[in-house]
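Here are my comments on the model you sent round. They are set out as numbered points, to be read with the coordinates open.

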Amino acid sequence: MAQLKKEITLISGIGQLSTTLLGTGLFMVPALAAGIAGSLSLWSWLLLLIGICPIALTFAQLGKRYPSAGGTAFFVRQAFNRRLEKSIAWLFLSVIPVGVPAAIALAAGFLQPLLPTQLNSPLLAQTFTVFLLVIVNLSGAKSSGQLQTLIALGIFMLVAALWWFGSISPQDLVMPTISSSDLPMIGSALAVMFWCFVGIEAFAHMGEEFKNPQRDFPIAILVGCGIAGAAYWACSVVVIKYHAYGSTEFDTGSIPYLAQLLFNDTFKPWISGLGFVACFASINLYTQSLARMVWAQAREYTPSSRLANLSTKGVPANATFAVGGVLLLSCIVGELTQLDLEFFVKLANGVFILVYLMAMLAAVKLLQGFARLLAIIALITCAIMLALLGWSMLYAVGLFALLMYKINPNEVSQPEPISNK
């Protein structure tokens, strides 16, 4: 049976996860959250960081014990059955038409000013972004990880520069007072902010490619989440201080606005370039994980199909081409419909939170001791986050119910246990 190459080190793993979590989120979510809750969004960030800890720890334990390109779907299969596994796999893939095109559109927005005038159009910029995604993914996980580590360093330098030139003082770090009437706004902000930590389940698909998954995979998740959380909170402090929120222009343009306000115009092309590569890094891991999900399902159920093949570099090339084609089609539809960015984010969040919830449910059955207690806490946290989405969760819940109904019940079988290393 074909196997992926084990090329990911601890440093490149931390770089991949941190850039994935920061990528598109850093350039839109702090402004979106502040537009909902104002300075109270700083409390939302704190609550999110606390809530994500048991989820991250549980994913770390699952990835350590069951490293597989199948990710959450594989965890669910180990805990339950193949029918549920296939439902989760297709549910995860359903994020392509609602989540990834919004991220690609954001990345392309940064790319447009850097393109020649005759190519300066949203659709051409998005097409070029998809083309680059396919090329980078075909180069292998090792090269991709090195690229994303460099991008992570660039993002941290940008946040540090915003603090330095923004003259952030201790007074700016004082948390606002809250009352019981503020809780609904804080909860609404949380429903959007979960987007910032939806890379963990995608990262779970990379566990099989770590050189030492038992040691490095959990550390990469914990350190990556900590770095990303600190960067988000730091960026939000600057966004709130300079009121770079509250309009649709700021939803995707708060960082360029702050850069133009605090730096001189000489840095504008550099900010556009960094914005593009940061968003690109985030989408890149999703493209990798989606391709590996397609490949893992083909390897398991239709091993003779072309989607189950690997290239000479050990990359699921045909699966990557398939994902790239769907992404391009979704971008065209997204550009024609011109739907609101927050609308897409909430629909995608519904899929991600439900996938997280099922992973935590699998963990409750698979793990023991303190790890199982963490999984229970994480499961409750995911259930609360799903409820906070309100009507937006109907897309994910309805699709999941449809998948469970359509998949042949005869495919249900006992999970095939693997060694618990």
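The points below go from the overall fold to ring pairs, charges and the surface.

1. Overall content. This is a predicted model. The protein chain contains 17 helices and 0 strands. Of its 421 residues, 57% count as buried.

2. Contacts and surface. Among contacts in the protein chain with a separation of 6 or more, 85% are between residues 24 or more positions apart. The exposed area of the chain comes to about 16,700 Å², and 68% of that is supplied by carbon and sulfur atoms.

3. The pair of Trp45 and Tyr232. There are 6 aromatic pairs in the structure. In one of them, the ring centres of Trp45 and Tyr232 are 5.1 Å apart and the planes meet at 15°; the pair is therefore stacked, as the angle is under 30 degrees. Trp45 belongs to helix 3 (residues 41-65) and Tyr232 to helix 11 (residues 213-241), so this pair ties together parts of the chain that are 187 residues apart in sequence.

4. Burial of that pair. Are these two residues buried or exposed? Trp45 has a relative accessible area of 1% and is buried. Tyr232 is buried as well, at 0% relative accessibility. Both values fall under the 20% limit for burial. Ring pairs also bring in Phe197, which is linked with Trp45 and Tyr232 into a cluster.

5. The pair of Phe165 and Phe263. After the buried pair of Trp45, at 1%, and Tyr232, at 0%, another aromatic pair to look at is that of Phe165 and Phe263, which is edge-to-face, with 5.2 Å from centre to centre and 80° between the planes. Phe165 sits in helix 8 (residues 141-165), while Phe263 is in the loop between helix 12 (248-262) and helix 13 (268-301); the pair links distant parts of the chain, 98 residues apart. Phe165 is partly exposed at 48% relative accessible area, whereas Phe263 is buried at 12%.

6. The salt bridge. How many salt bridges does the structure hold? It holds 1. Side chains of opposite charge can pair when their charged atoms come close. Here the side chains of Lys241 and Asp172 meet at 3.2 Å, N to O. Lys241 lies in helix 11 and Asp172 in the loop between helix 8 and helix 9 (183-193), so the salt bridge ties together parts that are 69 residues apart in sequence. Lys241 is partly exposed, with a relative accessible area of 28%.

7. Helix 11 in two of these links. Tyr232 of the stacked pair is in helix 11, and Lys241 of the salt bridge is in helix 11 too. The partner of Tyr232 is in helix 3, and the partner of Lys241 is in the loop between helix 8 and helix 9.

8. Arg299. This residue is placed in helix 13. Arg299 counts as buried, at 14% relative accessibility. Its C-alpha is 8.0 Å from the C-alpha of Asn309, a residue 10 positions away in sequence.

9. A nonpolar surface patch. Ile376, Ile380, Ile384 and Leu388 form a nonpolar patch on the surface; together they have about 320 Å² of accessible area. Leu388 is in helix 16 (residues 369-388). At 34% relative accessibility, Leu388 counts as partly exposed.

Note on methods
Residues are numbered from 1 along each chain as its sequence is written. This is a predicted model: local features need pLDDT of at least 70, side-chain atom pairs count only at pLDDT 80 or more; totals for chains, interfaces and linings use all residues. Side-chain values use heavy atoms; hydrogens and water are left out. Helices (H or I, at least four residues) and strands (E, at least two) are DSSP runs, numbered from the N terminus. Buried means under 20% relative accessible area, exposed over 50%, partly exposed in between (1.4 Å probe, protein chains only). Contact means heavy atoms within 4.5 Å. Accessible areas come from the Shrake-Rupley method with a 1.4 Å probe; for residues, only the protein chains shown count as cover. Rings of Phe, Tyr and Trp (its six-membered ring) pair if their centres lie within 6.5 Å; planes under 30 degrees apart count as stacked, over 60 as edge-to-face and the rest as tilted. A salt bridge is a side-chain nitrogen of Lys or Arg within 4 Å of a carboxyl oxygen of Asp or Glu. Patches are made of residues with over 30% relative accessible area and no salt bridge: like charges are joined within 9 Å, nonpolar side chains (Val, Leu, Ile, Met, Phe, Trp, Tyr) within 5 Å.
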